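Trainee: I would like to go through this model slowly, and to ask how each term is earned.

Mentor: Then let us look at it together.

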Amino acid sequence: MLRLPKFRLEEPTDVAGAVALMSEHGEDAMIVAGGTDLYPNMKHGLFEPKVVVSLGRIAEMRGIEALADGGLRIGATTTLAEMAQSALVQERAPALAQAASLVAGPQLRTMGTAGGNVMLDTRCQWYNQTHFWRKSLGYCLKKDGTVCHVVAGGRKCVAAASNDTAPTLMTLNASATFANDEGSRDVKIDEMWKADGIWNKEPGRGEILTSLHIPAQSKGHRGAYGKLRDRGSIDYPLFGCAVRLDLDSEGVVEDADVVCVALVARPLRIKKVAETLRGKKVGTESFAEAAKEAADLADTQAKPMDNIPGESLYRRQMVPVYVRRTLQAAAEGKGPVHHV
Ligand SMILES: Cc1cc2nc3c(=O)[nH]c(=O)nc-3n(C[C@H](O)[C@H](O)[C@H](O)COP(=O)(O)OP(=O)(O)OC[C@H]3O[C@@H](n4cnc5c(N)ncnc54)[C@H](O)[C@@H]3O)c2cc1C
Ligand code: SF4
């Protein structure tokens with residue numbers, strides 16, 4: 001049985017108290033929200049914080065608010081289940097509701113939070129293992145070792161961003177508010193990633209994500225999320241893709257975006273998707289052709305590696321399939337795309 005190491009749990013009741021605790025304990029402290037990622041990682045010896053600062057009692061960080069301009073504000077400790085089931089999120093940001101509905105399984109979505117999903121640690125099949133397992137292998141660059149088992153001779157960790165909601169937030173042009181000991185700042189989700197699997201975020205380890213802001217989308221907004229996974233529940237993505245389509249009143253594509261996850265350390269935007277789909281009317285043969293072309297773009301640009309479970313060749317073959325199906329689903333106002 002894997003046991004949690006000893007640590008002190010702090011439960012502040014406001015953001016200022018949480019920031020003060022993170023500042024006081026520095027690198028000895030870590031934040032916990034739902035604990036569905038942090039605690040398993042601590043059991044595996046991947047993190048050894050002396051102090052864990054829980055956000056669970058901070059009321060101001062919870063809830064979904066409809067903004068008068070048509071946008072949304074989602075508190076960081078809002079659960080994935082709340083996001084998935086929210087009529088507001090389903091209406092204003094359908095891809096986000098769909099992605100949240102496919103994270104893990106029901107119990108984990110009841111505990112897991114919006115902020116914890118954005119701040120999820122990158123994943124790798126050589127890293128998300130017990131201490132015994134990793135020691136037998138001689139560890140790796142991300143924790144305790146000097147080599148990478150994915151890229152022979154590699155000097156940079158390529159563990160994969162595996163958070164289902166991150167690519168949807170990117171297609172929605174969302175931003176995140178972080179609190180730190182200098183105050184608070186807004187970071188565009190698009191700009192918060194680094195190509196470094198050890199820590200793939202621009203905000204520092206001690207900064208607290210307090211809320212997400214999703215701006216009002218276009219009148220003809222359509223969104224969907226597609227997720228490849230081994231089973232119909234519980235599994236992390238073997239590949240995930242978020243789609244946004246902006247349609248005019250005739251159903252013609254004005255703008256489009258596709259962002260994929262479970263590939264490299266940062267979510268990956270597929271280039272030239274908008275150029276390919278612009279001017280195509282949904283429901284027509286020309287849209288279907290353009291969706292295939294966009295899927296081919298993803299096939300060329302997204303190259304699954306052996307960093308996460310699932311044979312990389314199989315995952316690669318499924319990339320264009322999932323991108324095409326998810327584009328079609330968004331066009332039809334449907335989704336999510338997954339198998340059960
Ligand atoms: C069996 C299993 C299957 C899973 N499947 C999926 C899946 O399919 N897709 C997926 O995306 N995830 C999956 N997860 C991971 C996890 O359940 C979710 O990502 C969840 O959203 C994490 O949220 P949390 O609140 O539990 O995060 P926590 O575990 O509390 O925290 C996760 C990380 O984020 C940091 N953190 C948390 N909140 C904040 C904040 N507000 N500000 C700054 N840092 C913060 C923590 O320090 C920690 O490093 C799975 C987990 C398990 C155990
Ligand atoms: S990508 Fe390489 S360095 Fe990073 S966790 Fe995996 S094996 Fe370790």
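Trainee: Which residue in β8 is the bridge partner of Arg73?

Mentor: The bridge partner of Arg73 in β8 is His213. Before we go on, note that this is a predicted model, in which local features need pLDDT of at least 70 and side-chain atom pairs count only at pLDDT 80 or more, while totals for chains, interfaces and linings use all residues. Residues are numbered from 1 along each chain as its sequence is written, chains are lettered from A and ligands numbered from 1 in the order in which they are written, and side-chain values use heavy atoms, with hydrogens and water left out.

Trainee: How do you know that β5 and β8 are paired?

Mentor: Strands (DSSP runs of E, at least two residues, numbered from the N terminus) pair if DSSP finds at least two bridges between them. β5 and β8 have four bridges, in the antiparallel sense, so they meet that definition.

Trainee: What makes β4 and β7 edge strands?

Mentor: The open sheet has five strands in the order β4-β5-β8-β6-β7, with antiparallel pairing. Both β4 (64–66) and β7 (183–188) pair on one side only, and they are therefore the edge strands. From one strand to the next, the twist averages 20°.

Trainee: How many bridges hold each edge strand to its partner?

Mentor: Three bridges join β4 to β5 (residues 72–75), with Ala66 standing opposite Leu72. Six bridges join β6 (residues 175–180) to β7, and Ser175 has Lys188 as its bridge partner there. In the hairpin of β4 and β5, five residues lie between the strands, and Gly70 among the residues of this hairpin takes a positive phi near 100°.

Trainee: Where is there a positive phi in a residue other than glycine?

Mentor: Ala104 has a phi near 45°, and it lies in the loop between α5 (94–102) and α6 (106–111). Most residues other than glycine have a negative phi, and most peptide bonds are trans. The peptide bond from Gly335 to Pro336 is cis, with omega near 0°, and Pro336 lies in the segment after α12.

Trainee: What makes the meeting of α11 and α12 a right-handed crossing?

Mentor: Helices are DSSP runs of H or I, at least four residues, and their axes are lines fitted to C-alpha atoms over the stretch in contact, with angles from 0 to 180 degrees between N-to-C directions. The axes of α11 (residues 285–301) and α12 (residues 312–331) come within 8 Å and cross at roughly 145°. A crossing is left-handed if the near helix is turned anticlockwise from the far one by less than a right angle, and right-handed if clockwise; α11 passes α12 in the right-handed way. The contact (heavy atoms within 4.5 Å) includes Phe287 and Ala291 of α11 and Val319 and Leu327 of α12.

Trainee: Why is the space lined by Cys124 and Cys140, among others, called a cavity?

Mentor: On a 1 Å grid over the protein atoms alone, a cavity is a set of points where a 1.4 Å probe fits but cannot get out, and lining residues have an atom within 4 Å of a point. A search of the whole structure finds one cavity of 30 Å³ or more, and the largest has a volume of about 80 Å³, where a volume is the space filled by probe spheres set on the points, joined across faces, edges and corners. Its lining has 13 residues, with Cys124, Cys140, Cys148, Cys157 and Val158 nearest the centre.

How values were computed. On a 1 Å grid over the protein atoms alone, a cavity is a set of points where a 1.4 Å probe fits but cannot get out, and a pocket is an open set with protein on both sides within 12 Å along at least five of seven lines; lining residues have an atom within 4 Å of a point.
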